[in-house]
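User: Please take me through this structure by question and answer, beginning with the way its parts pack together.

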Amino acid sequence: MEHEKTAQQTSQPGFLGQILTAAGTTIAAPSLLSQATIAKEASQSNPDEINVKLTVNGEQQTLDLEPRVTLLDALRDRLGLVGSKKGCDHGQCGACTVLIDGERVYSCLSLAVMQEDKAIVTIEGLAMGDTLHPVQAAFIDNDGFQCGYCTPGQICASVALLDEVKRGCASVVTPDLTLLPQLTELSEAEIKERLSGNLCRCSAYNGIVAAVQQVMGQKPPSPAATVMVNEPQEMLR
């Protein structure tokens with residue numbers, strides 16, 4: 001009798017343990033199956049992705065991307081080229097500016113799939129090894145940045161500006177459309193207008209303009225120069 005009582009006492013916890021274990025397995029099983037399914041799906045290629053070949057900084061890159069992926073996200077998230085910054089993500093600040101076939105482009109508004117067979121240059125591709133691009137060096141010489149967040153876009157836009165002037169492109173404040181603009185004669189008002197699509201929240205604009213003037217072969221104003229209150233006449237037209 002005592003043996004039966006002992007067996008009953010010891011079997012009750014064991015029996016309850018078996019019930020709880022079975023119940024736990026029943027509860028956990030759907031969760032485990034769900035996790036396994038998610039892992040399997042993640043390992044498989046996304047059917048919505050397409051094969052995209054991009055030429056970035058002289059190197060061809062092959063990526064599987066959804067058609068909706070912007071060039072900025074492809075550069076930053078897939079290629080690790082984080083120099084191009086995501087500022088507004090609406091094409092309003094210019095922090096994401098890159099060069100595509102020599103033209104400045106807001107990469108946050110450009111789809112990556114549309115850039116095949118085009119030469120994309122980011123801030124990482126401007127320097128030649130340890131030798132900085134002249135515009136990069138000029139930004140350092142003239143304190144053309146403070147926090148530096150907008151600087152990659154500012155530099156890419158400035159590089160494009162130089163090429164545009166060399167090609168004879170006019171701006172809305174070009175005083176005489178019958179005469180091609182010259183780098184050595186481009187006014188401060190012209191430089192400001194041509195870079196107006198790139199914002200600097202630190203307001204390092206004087207240094208940015210001075211950097212562009214230096215690369216153009218002009219003599220940048222002294223850092224202690226008097227700030228003009230009135231806009232030049234070109235800006236008032």
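User: Which strands does α2 lie across, and at about what angle does α2 run to β2?

Analyst: This is a predicted model, in which local features need pLDDT of at least 70, side-chain atom pairs count only at pLDDT 80 or more, and totals for chains, interfaces and linings use all residues. Residues are numbered from 1 along each chain as its sequence is written, and side-chain values use heavy atoms, with hydrogens and water left out. Helices (H or I, at least four residues) and strands (E, at least two) are DSSP runs numbered from the N terminus, contact means heavy atoms within 4.5 Å, and angles run from 0 to 180 degrees between N-to-C directions of axes, which are lines fitted to C-alpha atoms, for helices over the stretch in contact. Helix α2 lies across β1 (50–56), β2, β3 and β5 (119–121), and its angle to β2 is about 100 degrees.

User: Which strands does α4 touch, and what angle does its direction make with that of β3?

Analyst: Helix α4 comprises residues 151–166 and packs on the sheet. The strands touched by α4 are β3 and β4, and its direction makes an angle with that of β3 of about 40 degrees.

User: What is the order of the strands in the sheet, and which stand at the edges?

Analyst: Two strands pair if DSSP finds at least two bridges between them. The sheet is open, has five strands with mixed pairing, and follows the order β2-β1-β5-β3-β4. Each of two strands has a single partner, so one side of each is left without a neighbour in the sheet: these edge strands are β2 (59–65) and β4 (103–106).

User: By how many degrees are neighbouring strands of this sheet turned against each other on average?

Analyst: Strands of a sheet pair through backbone hydrogen bonds, either parallel or antiparallel. The average turn between neighbouring strands of this sheet ignores direction, and the value is 40 degrees.

User: In what sense does β3 pair with β4 and with β5, and which residues stand opposite Leu-99?

Analyst: Strand β3 pairs with β4 over four bridges in the antiparallel sense. With β5, strand β3 has two bridges, and that pairing is antiparallel. Opposite Leu-99 stand Arg-104 in β4 and Val-121 in β5.

User: Which residue in the turn between β3 and β4 has a positive phi?

Analyst: Strands β3 and β4 form a hairpin with two residues between them. Ile-100 has Glu-103 of β4 as its bridge partner. The turn residue with a positive phi, about 50 degrees, is Asp-101.

User: Which residues of β3 are buried on its two faces?

Analyst: In a regular strand the side chains alternate between the two faces of the sheet. Buried means under 20% relative accessible area, exposed over 50%, and partly exposed in between (1.4 Å probe, protein chains only). Both faces of β3 are covered, with buried Thr-97 and Leu-99 on one side and, on the other, Val-98 and Ile-100.

User: Where is Leu-79, and which residues does it contact beyond its neighbours within four places in sequence?

Analyst: Leu-79 is placed in the loop between α2 (71–78) and β3 (97–100). Its C-alpha is 8.3 Å from that of Gln-61, although 18 residues separate the two in sequence. Leaving aside neighbours within four places, the contacts of Leu-79 are Val-56, Gln-61, Leu-63 and Ala-74.

User: Is Gln-136 buried or exposed, and what is its relative accessible area?

Analyst: Gln-136 belongs to helix α3. Not counting residues up to four places away in sequence, Gln-136 touches Ile-123, Leu-126, Ala-127 and Ile-155. Gln-136 is buried, and its relative accessible area is 11%.

User: Is Asp-117 buried or exposed, and what is its phi?

Analyst: Most residues other than glycine have a negative phi, and most peptide bonds are trans. Asp-117 lies in the loop between β4 and β5 and is exposed, with a relative accessible area of 78%. The phi of Asp-117 is positive, near 65 degrees.

User: How many helices and strands are in the chain, and what percentage of its residues count as buried?

Analyst: The chain contains seven helices and five strands. From the N terminus on, these elements run α-β-β-α-β-β-β-α-α-α-α-α. Of the 237 residues, the portion that counts as buried is 33%.
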